[in-house]
Amino acid sequence: MTPVTNAHADAEAPRTEIDTPFGRFLVAPHERVRFPSGIPGFEDCREFVLLSPGDLGALSCLQSLAGPPASFLVVDPRHVLPQYRCALGTTDLMRLGAGADTLLLWLAIVSTDEAGRAYANLRAPIVINPERMLGYQVVPHNSLYPLRQPLASD
Amino acid sequence: MLVFTRKRDETIMIGDGIEVRVLRIGREGVRLGVTAPAEVPVHRREVYDLIRDENRRAAETTRPAQALAAVRARPMRSGGRGD
């Protein structure tokens, strides 16, 4: 991810310009994350990029690059719940091309309600294997974590 | 819709690599075993729908101003890093 203001600095990599709710970004090929089956509700979004503009603080933006334009705010689940743990099965790991020791990137999708309160979806986290740039959303049937965990800590 | 009658331990094949087997037939429900390649996601429909709806809601409500205002008004925890 590079701010557009640096666009003239690097002419080598064929970067794509994308518009997001947070401004315009240039995305290099190696920054693209493949989601082979999309995510539920956005099955045709097979490629995303993770953008972290400074003004989002602890939040990042998961922006679709292929398929319909979709944009999600995401947060590290442990930022919301420090003791957060989610175990992946062998099928999950295989799907990510990951081994048991692979360091994975975990993201919880953020939503807001009519009253403007923000929530993180801790039940169905997005998992990305940075080594393979492969991602998918875990759809667990027996998670105890809430679909809407309030983002605020009281 | 293709409709089958299957007994216990009988299966149906879908395409090359997907097999659905009837493991047990009980009063409360039918227990099925699904064998599918890793790249084919298999979900309980109602769980998938719940998460799909939540994703759609999140995509609609990520108006940055609204979400950021909500987060900034009630700051998040800062603990839990690096453990």
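Four bridges join strand 1 of chain B to strand 2 (residues 18-25) of chain B, and the two run antiparallel; strands here are DSSP runs of E with at least two residues, numbered from the N terminus, and two strands pair if DSSP finds at least two bridges between them. This is a predicted model, in which local features need pLDDT of at least 70 and side-chain atom pairs count only at pLDDT 80 or more, while totals for chains, interfaces and linings use all residues. Residues are numbered from 1 along each chain as its sequence is written, and side-chain values use heavy atoms, with hydrogens and water left out.

**Sheet of chain B**
- The bridge partner of I14(B) in strand 2 of chain B is I18(B).
- An open sheet of chain B is formed by three strands in the order 1-2-3, with antiparallel pairing.
- Strand 1 (11-14) and strand 3 (30-35) of chain B each have a single partner strand, so one side of each is left without a neighbour in the sheet.

**Cores of chain A**
- The largest nonpolar core (buried Ala, Val, Leu, Ile, Met, Phe, Trp, Tyr and Cys residues joined through side-chain atoms within 4.5 Å, where buried means under 20% relative accessible area with a 1.4 Å probe, protein chains only) has 22 residues, and I18(A), V110(A) and A120(A) are among those with the most contacts inside it.
- Strand 9 of chain A gives the most to this core, with three residues.
- A second, separate core of 15 residues includes I39(A), C45(A), A70(A) and I126(A).

**Confidence**
- Chain A has a mean pLDDT (the predictor's confidence in each residue, from 0 to 100) of 87, and 90% of its residues reach 70 or more.

How values were computed:
Chains are lettered from A and ligands numbered from 1 in the order in which they are written. Buried means under 20% relative accessible area, exposed over 50%, partly exposed in between (1.4 Å probe, protein chains only).
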